[in-house]
Amino acid sequence: MSENPVRSDQVVISWPAGTGNATLAVFSFLGERLYVATVPAPANEYVWDLTIGGGARRVVNGGYIIVVDVDGHHYRRRLFVARPAP
């Protein structure tokens, strides 16, 4: 994963390569699913622009859980967003 905490407008999320498509989900620390994407094999990274709702809203500064499911394996990462105020 790129820098953590994230201080820019995007983050690169990576995981061990697999043979199948990967499903990436972003959750709030309260467990609310905020974002989901399917990443076709054989890619093992995804660039997320830190927006939700079809790109309509930027996520607020705070903590998030990233979950990647690929080939029956579940990879979890904590992500902290700490962008400077506009």
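Which side chain of opposite charge is nearest to Arg-83, and how far away is it? I began the notebook with this question, and the entries below follow from it.

**Ground rules.** I am working from a predicted model, in which local features need pLDDT of at least 70 and side-chain atom pairs count only at pLDDT 80 or more, while totals for chains, interfaces and linings use all residues. Residues are numbered from 1 along each chain as its sequence is written, and side-chain values use heavy atoms, with hydrogens and water left out.

**Entry 1, Arg-83.** I found Arg-83 in the segment after E8; helices (H or I, at least four residues) and strands (E, at least two) are DSSP runs, numbered from the N terminus. Arg-83 is buried but has no salt bridge, and the nearest side chain of opposite charge is that of Asp-9, 4.4 Å away. For burial I used under 20% relative accessible area, with exposed over 50% and partly exposed in between (1.4 Å probe, protein chains only). A salt bridge would need a side-chain nitrogen of Lys or Arg within 4 Å of a carboxyl oxygen of Asp or Glu; for charge, Lys and Arg count as positive and Asp and Glu as negative, whereas His and the chain ends are not counted. I then looked for polar contacts and noted that the side chain of Arg-83 reaches the backbone oxygen of Val-59 at 2.3 Å. Such a contact is a pair of N or O atoms within 3.5 Å; within protein, one must be able to donate a hydrogen and the other to accept it, and residues adjacent in sequence count only if both atoms are side-chain atoms. Leaving aside neighbours within four places in sequence, the residues in contact with Arg-83 (heavy atoms within 4.5 Å) include Val-6, Asp-9, Leu-50 and Asn-61.

**Entry 2, Leu-50.** Since Leu-50 is among the contacts of Arg-83, I looked it up next. Leu-50 sits in the loop between E4 and strand E5 (51-52), and its phi is near 60 degrees, a positive value in a residue other than glycine. Leu-50 is buried, with a relative accessible area of 0%.

**Entry 3, the E7-E8 hairpin.** I followed strand E7 (62-70) and strand E8 (73-81) across the loop that holds Asp-71. The two strands run antiparallel and are joined by nine bridges, with Ile-66 standing opposite Arg-77 in E8; I count two strands as paired if DSSP finds at least two bridges between them. They form a hairpin with two residues between them, and Asp-71 in the turn has a positive phi of about 55 degrees. Asp-71 is partly exposed, at 39% relative accessibility.

**Entry 4, the sheet.** I traced an open sheet of four strands in the order E3-E2-E7-E8, with antiparallel pairing. E3 and E8 stand at the edges with a single partner strand each, so one side of each is left without a neighbour in the sheet. The twist averages 20 degrees from one strand to the next, where axes are lines fitted to C-alpha atoms, for helices over the stretch in contact, and angles run from 0 to 180 degrees between N-to-C directions.

**Entry 5, Asn-4.** Which residues does Asn-4 touch, not counting those up to four places away in sequence? I list Arg-78, Leu-79 and Phe-80. Asn-4 lies in the segment before strand E1 (11-14) and is partly exposed, with a relative accessible area of 40%. A polar atom of the Asn-4 side chain lies 2.8 Å from the backbone oxygen of Arg-78, and the side chain also reaches the backbone nitrogen of Phe-80 at 3.0 Å. Asn-4 and Arg-78 are 74 residues apart in sequence and 8.6 Å apart in space, C-alpha to C-alpha. Leu-79, in strand E8, counts as buried at 0% relative accessibility.

**Entry 6, E1, E4 and a cis bond.** I noted that E1 and E4 pair in the antiparallel sense over four bridges, and that Ser-14 has Glu-45 in E4 as its bridge partner. E1 has a covered face, Val-11 and Ile-13, and an uncovered one, Val-12 and Ser-14. In the loop between strand E3 (33-39) and strand E4 (45-48) I found Pro-42, which a cis peptide bond joins to Ala-41, with omega about 5 degrees.
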